[in-house]
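Reader: Please take a close look at one part of this protein, the aromatic cluster, and then set it in the rest of the fold.

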Amino acid sequence: MQHKFTPPGATLARRAARGFTLIEIMVVIIIIAMLAAIVGPAVMNKLGTAKSKTAAIQIADLDKSLDLFKLDVGRYPTNAEGLQALVSAPPTANGWNGPYLKGSVPNDPWGNPYRYANPGPNGGVQIMSYGADNAPGGTGENADIVNQQ
């Protein structure tokens, strides 16, 4: 019987070429799952906060566009005209010099149209998003976002 000589380190190289064991793969998966459980909620919370901030910025932009409309026309759009008056001239808007927005009137970050009221509850115009739940009230991401009057 002939005995083969195995050079030092050859068994180590053969073992490395075989790949990972099931235990090693499971340990890595468990570590990744633990990291996702810790980091995931924080990332989702930041995403909700970012959408609320985006809605506040869009409402402020719509509010400024309404002020430009008022400078040209002498009044804010009626409830019937709504925010659409910022992109297409209403028949009774003498002096309209728009469009006051590029493109169309945006929806809020959750895909719902902004609500417009003239007069609003405090007298001025009101632009509002009901937040993620699209229902009045709420807290956090579900909170209502309203322009400053």
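Author: What follows describes the aromatic cluster first and then the other parts of the model.

This is a predicted model, in which local features need pLDDT of at least 70, side-chain atom pairs count only at pLDDT 80 or more, and totals for chains, interfaces and linings use all residues. Residues are numbered from 1 along each chain as its sequence is written, and side-chain values use heavy atoms, with hydrogens and water left out.

The structure holds two aromatic pairs. Rings of Phe, Tyr and Trp (for Trp, the six-membered ring) pair if their centres lie within 6.5 Å; planes under 30 degrees apart count as stacked, over 60 as edge-to-face and the rest as tilted. The ring centres of Phe-69 and Tyr-100 are 5.8 Å apart and the planes stand at 70°, so this pair is edge-to-face. It joins distant parts of the chain, since Phe-69 is in helix α2 and Tyr-100 is in the loop between α2 and β1, 31 residues apart. Helices (H or I, at least four residues) and strands (E, at least two) are DSSP runs, numbered from the N terminus. The pair of Trp-96 and Tyr-100 is also edge-to-face, with 5.6 Å from centre to centre and 90° between the planes. Through these ring pairs, Phe-69, Trp-96 and Tyr-100 are linked into a cluster.

Buried here means under 20% relative accessible area, exposed over 50%, and partly exposed in between (1.4 Å probe, protein chains only). Phe-69 counts as buried because its relative accessibility is 0%. Tyr-100 is buried too, with a relative accessible area of 12%.

Contact means heavy atoms within 4.5 Å. With neighbours within four places in sequence left aside, Phe-69 is in contact with Gly-74, Arg-75, Tyr-76, Pro-77, Ala-85, Leu-86, Pro-90, Ala-93, Trp-96 and Tyr-100. The C-alpha atoms of Phe-69 and Asn-97 are separated by 7.8 Å, although these residues are 28 residues apart along the chain.

The loop between α2 and β1 also holds Asn-112. Asn-112 is buried, at a relative accessible area of 15%. Neighbours within four places in sequence aside, Asn-112 is in contact with Asn-107, Gly-131 and Asn-134.

The protein has two helices and three strands, and from the N terminus on its elements run α-α-β-β-β. The three strands form an open sheet in the order β1-β2-β3, with antiparallel pairing. Its edge strands, β1 (115-117) and β3 (145-146), each pair on one side only. Two strands pair if DSSP finds at least two bridges between them. Strand β2 (residues 126-129) is joined to β3 by two bridges, and Ser-129 has Ile-145 in β3 as its bridge partner.

Helix α2 spans residues 22-73 and contains Leu-35. Leu-35 makes a nonpolar surface patch of about 380 Å² together with Ile-23, Val-27 and Ile-31. Patches are made of residues with over 30% relative accessible area and no salt bridge; like charges are joined within 9 Å, and nonpolar side chains (Val, Leu, Ile, Met, Phe, Trp, Tyr) within 5 Å. A salt bridge is a side-chain nitrogen of Lys or Arg within 4 Å of a carboxyl oxygen of Asp or Glu.

Over the whole protein, about 10300 Å² is exposed, and carbon and sulfur atoms supply 62% of it. Accessible areas come from the Shrake-Rupley method with a 1.4 Å probe; for residues, only the protein chains shown count as cover. Of the 149 residues, 26% are buried.
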